[in-house]
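Good morning, colleagues. Please look at the sequence and the structure as they appear, and I shall then guide you through several of the features.

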Amino acid sequence: EQLQPDRDQWTWVQALRLADPASAGAVADSVLVGSPTRNVYVQTWEGQRDLALQEAAPLQLILTMYTVVLLAVAFAVVAVLVGARALEQSREIGLLKAVGLTPRQVAAVFVIESVALGLLAAVLGFVAGALLAPRLAGAMAQTTLGSPGVAADPSHLFVAAVLVVAVLVLSAWMSSRRRTRFSVVHALQAGRSAPPTGSLTSALMSRVPMTAPVAVGTSTLLAARSRTLLVMAAITLTGSAFVFALSMQATLDDGPAGEVSDVPVELPVLVYTLDG
């Protein structure tokens, strides 16, 4: 009465435990039948759960963003490694062609090797993820909605293997096929590709005085432009993720002292773990 003298503004709440939880919607409709619309409000346990899960939306957004970033970085790194290996195996490609293998067969050799490594890596990654998932999900263990599902699902391994093998096959095929276009003699003599002679960048760099290590490094960099771009993309994405983490931490630290934050303390730890 002291807080709200107007009794028309008074409300009371009655919780109902149902024998059949699935009938919550029907029970709610029956309560509303014949009741004044403005005086009665009914919320099912499903509605309460959906409302509570809205607090987890920022966490889900961050996890989704990091999943996409990590996939992009992993794809770029894998493509660089596979392409670099094919470049280093120029002599091996020349020998395979010399003994009679066709360019398609030479490319198949590298593809099969990459697929085997990719499948093994996917299995090892799945095992590591299954062991780490309960620890990373521990922040949500005390929620009234129950602990999050962290059980390993074989379908996750299938999805991961498909993605990993796909990028490995594509990278290995494109890199090896590019090397198999050269003649056997050229492949046997090839050490490392030279930068394109008509490149404007190489022409400008040739006019800049450089020491021997810088000149060799620059020439190698210009010779592998596609891999250089992939490395730059991977570094840019990784740097962006670190900047996001630091910005988020700064925003949390700038909050008023003593103010209760709805951001769980485990969230920065999770973000830094994904950055690492």
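**Salt bridges, a surface patch and a buried serine**

The model contains 2 salt bridges, and I should say at the outset that this is a predicted model. One of them joins the side chains of glutamate 1 and arginine 7, with an N to O distance of 2.8 Å. Glutamate 1 and arginine 7 are both exposed.

The other salt bridge brings together the side chains of aspartate 50 and arginine 49, at 4.0 Å from N to O. How do aspartate 50 and arginine 49 count in terms of accessibility? Aspartate 50 counts as partly exposed, because its relative accessibility is 42%. Arginine 49 has a relative accessibility of 35%, so it also counts as partly exposed.

Let me turn to the overall fold. The protein has 11 helices and 0 strands, so that, by the definition of these elements, the pattern along the sequence is written α-α-α-α-α-α-α-α-α-α-α. Of its 276 residues, 20% count as buried. Among the contacts with a separation of 6 or more, 71% are between residues 24 or more positions apart. The protein exposes about 19400 Å², and carbon and sulfur atoms supply 66% of that area.

Next, the surface. Which residues form a nonpolar patch there? They are Leu71, Phe158, Val159, Val162 and Leu163, and together they have about 440 Å² of accessible area. Helix α6, which covers residues 154–180, gives the most to the nonpolar patch, with 4 residues. Valine 162 has its place in helix α6. Because its relative accessibility is 42%, valine 162 counts as partly exposed.

My last subject is serine 114, which is found in helix α5, residues 103–136. Is serine 114 buried or exposed? Its relative accessibility is 10%, and buried means under 20%, so serine 114 counts as buried. The side chain of serine 114 reaches the backbone oxygen of phenylalanine 110 at 2.9 Å. What else is serine 114 in contact with, leaving aside its neighbours within four places in sequence? Serine 114 is in contact with Val82, Leu168 and Ala172.

To close, I would ask you to keep two places in view. One is the nonpolar patch on the surface, to which helix α6 gives the most. The other is serine 114 in helix α5, a residue that counts as buried. Thank you for your attention.

Technical notes
Residues are numbered from 1 along each chain as its sequence is written. This is a predicted model: local features need pLDDT of at least 70, side-chain atom pairs count only at pLDDT 80 or more; totals for chains, interfaces and linings use all residues. Side-chain values use heavy atoms; hydrogens and water are left out. Buried means under 20% relative accessible area, exposed over 50%, partly exposed in between (1.4 Å probe, protein chains only). Patches are made of residues with over 30% relative accessible area and no salt bridge: like charges are joined within 9 Å, nonpolar side chains (Val, Leu, Ile, Met, Phe, Trp, Tyr) within 5 Å. Accessible areas come from the Shrake-Rupley method with a 1.4 Å probe; for residues, only the protein chains shown count as cover. Helices (H or I, at least four residues) and strands (E, at least two) are DSSP runs, numbered from the N terminus. A polar contact is a pair of N or O atoms within 3.5 Å; within protein, one must be able to donate a hydrogen and the other to accept it, and residues adjacent in sequence count only if both atoms are side-chain atoms. Contact means heavy atoms within 4.5 Å.
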